[in-house]
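Dear colleague,

Here is the structure I promised to hand over to you. Please keep it open while you read the notes that follow below it.

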Amino acid sequence: MTVDAAVAEFQDRLDLERRLRPFEPLRYRASEAGTRAVHLDDFAAIPFLDGVTGVEHYQHRARLRARGGDCYVASTPASAGYERYCREVLGLGGVELLPVDPGGDRLAIARACMENRALLERLGVLARRGGLVVEPFLGTEAIWELAAAVAAGAGAPVRVLAPPPPVTWIANDKGNFEDLVTAVLGPGFFPESRRSASAEGLARALLELSEAGPSVALKRLRCASAMGNEVFDSEALRRHGLRGVLDIVRGFLERTGWKGDEDVLAVCWERATSSPSTQWWLPPPGGGEPILGGVYEQILAGKEGVFVGSRPSGLATETERRIVSQSGQVADALQGLGYVGRCSFDHLVLPDGRVVFTECNGRWGGTSTPMNLVDRLHPGGRPPYQAQDFVHPDLIGLTFRQLLARLGDTVLDRGPAAGRFLLYNVGPLEQFGKFDVVALGSSRAHVEELMTRELPRRLGVS
């Protein structure tokens, strides 16, 4: 099926034309480029992120996207010294932080904004000064409702730089995304899987799939960073028999808060030689074709493959070419459906050389955030780098200013030969000994040396 035919089929099947009509007045166009923006990273719609250590501080990743004159919203204060670091060391321009209290749901900051009259009035003032763009982590219903509330209150133009929710959930729902890829590329571009909304159906599917490979897994459809995955040894699963596997499935569904109203995936857990991602920017109408940001190798931890970092790919040219060709066709289809903004696809390179998809991340994330920062600081060309989180119990109690002191001149731009560290997501540092860091150097080997030896040495935890 051609991309255009796949888009038409999806539009008809999901009744998209009717469902997208209410969002039309708020949709971002290329002509809005340069308009002041408010950035907010509302994670409430992604299950299980509330279990990530220090996740409420991740809202400050939005600061890295903001440009001079923009603002961003967060429910936690910025670490002392961090704003000055962003302005004076990174040169990211002056940005206003708008604090909000989310009450009981610490991640639902868009809803909290709508309940904060002073914040709505502040956004209204900004909108009346030449319009306002809402640029979120993820284009959820709450984000679009917030934009509508600001527009109505201000009587001024407000746009959303993100896909409308019906398209957001084509990208971010693993089942919908698999259907789209199959419509565009045909069968065989995903690991073998089964979908079911019953525990019995999932148990039978796991046993059937266990005959095809050494491991199988269950996946919730709208989770991020493998937080809704559980992997099982195929041989051990078969020893349990149907009744035992049914108990295992029921335990998974209970642990993940399944309500019985959505499918769950049972999949073959492929042994891959690499787990790359392709990073894309999908321009709005009038902005041109999808733009490839790069191919990245994901750094994954544990048997579930939890994301902890990334670096530009070192894959063979032919493998990268196939990954880009496949993902580019899917990016074209998403754009045709109305997707706008940051988007990435996760892939597996299998031992036989095949490349398959695993999911789409229709949002800003752990690879695109540092990639965007590096590109802002190095507009002439991206240097070798690696981005990941760094966690050590000996860092608990350390302030951001103390972290800067330990790293010394390595936080300054000393050129590729000397190397440099970029710091972000530093909110969890003092309480949990955790922060995110980018190491930039002269080569892949140099970056590895900086991250594995120089950084721990400077921190005093080597």
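**Cysteines, rings and strands**

C343 is buried, with a relative accessible area of 0%. Please bear in mind, here and throughout, that this is a predicted model. With disulfides defined as pairs of cysteine sulfur atoms within 2.5 Å, the count comes to zero. C343 is therefore in no disulfide, since the nearest cysteine sulfur, that of C360, is 3.5 Å away. C113 is likewise in no disulfide, and the nearest cysteine sulfur to it, that of C71, is 9.6 Å away. Like C343, which has a relative accessible area of 0%, C113 is buried with a relative accessible area of 0%.

As for the protein as a whole, its secondary structure comes to 15 helices and 17 strands. The radius of gyration is 22 Å, close to the 23 Å that the globule rule gives for 462 residues, so the protein is as compact as a globular protein of that length. Its C-alpha trace spans about 60 × 55 × 45 Å along the principal axes, and 55% of the 462 residues count as buried. Among contacts with a separation of 6 or more, 70% are made by residues that lie 24 or more positions apart. The accessible surface comes to about 18,800 Å², and carbon and sulfur atoms account for 49% of that area.

Turning to the aromatic residues, the count comes to 13 aromatic pairs. One of these is formed by F177 and F345, whose rings are stacked, at 5.6 Å centre to centre and with 15° between the planes. F177 lies in helix α8 (residues 174-185) and F345 in strand β13, so this pair ties together parts that are 168 residues apart in sequence. Both F177 and F345 are buried, and ring pairs link these two residues with F190 and F357 into a cluster.

A second pair that you may wish to look at is that of W281 and W364, which is tilted, with 6.4 Å centre to centre and 55° between the planes. Because W281 lies in strand β10 and W364 in the loop between β14 (355-361) and α12 (368-377), the pair ties together parts that are 83 residues apart in sequence. The two residues can be told apart by their cover, for W281 counts as partly exposed at 21% relative accessibility, whereas W364 is buried, with a relative accessible area of 6%. The cut-off matters in reading the value for W281, because buried means under 20% relative accessible area.

Which strands pair with β10, the strand that holds W281, and in what sense? β10 (residues 276-282) pairs with strand β11 (residues 291-301) in the antiparallel sense over six bridges, and with strand β13 (residues 341-349), also in the antiparallel sense, over six bridges. To find these pairings in the model, you could start from W280, whose bridge partner in β11 is L292, and then go to W281, whose bridge partner in β13 is R342. Strand β10 is mostly covered, as six of its seven residues are buried.

With best wishes

Conventions:
Residues are numbered from 1 along each chain as its sequence is written. This is a predicted model: local features need pLDDT of at least 70, side-chain atom pairs count only at pLDDT 80 or more; totals for chains, interfaces and linings use all residues. Side-chain values use heavy atoms; hydrogens and water are left out. Buried means under 20% relative accessible area, exposed over 50%, partly exposed in between (1.4 Å probe, protein chains only). Helices (H or I, at least four residues) and strands (E, at least two) are DSSP runs, numbered from the N terminus. Two strands pair if DSSP finds at least two bridges between them. The radius of gyration is taken over C-alpha atoms; the globule rule is 2.2 Å times the number of residues to the power 0.38. Contact means heavy atoms within 4.5 Å. Accessible areas come from the Shrake-Rupley method with a 1.4 Å probe; for residues, only the protein chains shown count as cover. Rings of Phe, Tyr and Trp (its six-membered ring) pair if their centres lie within 6.5 Å; planes under 30 degrees apart count as stacked, over 60 as edge-to-face and the rest as tilted.
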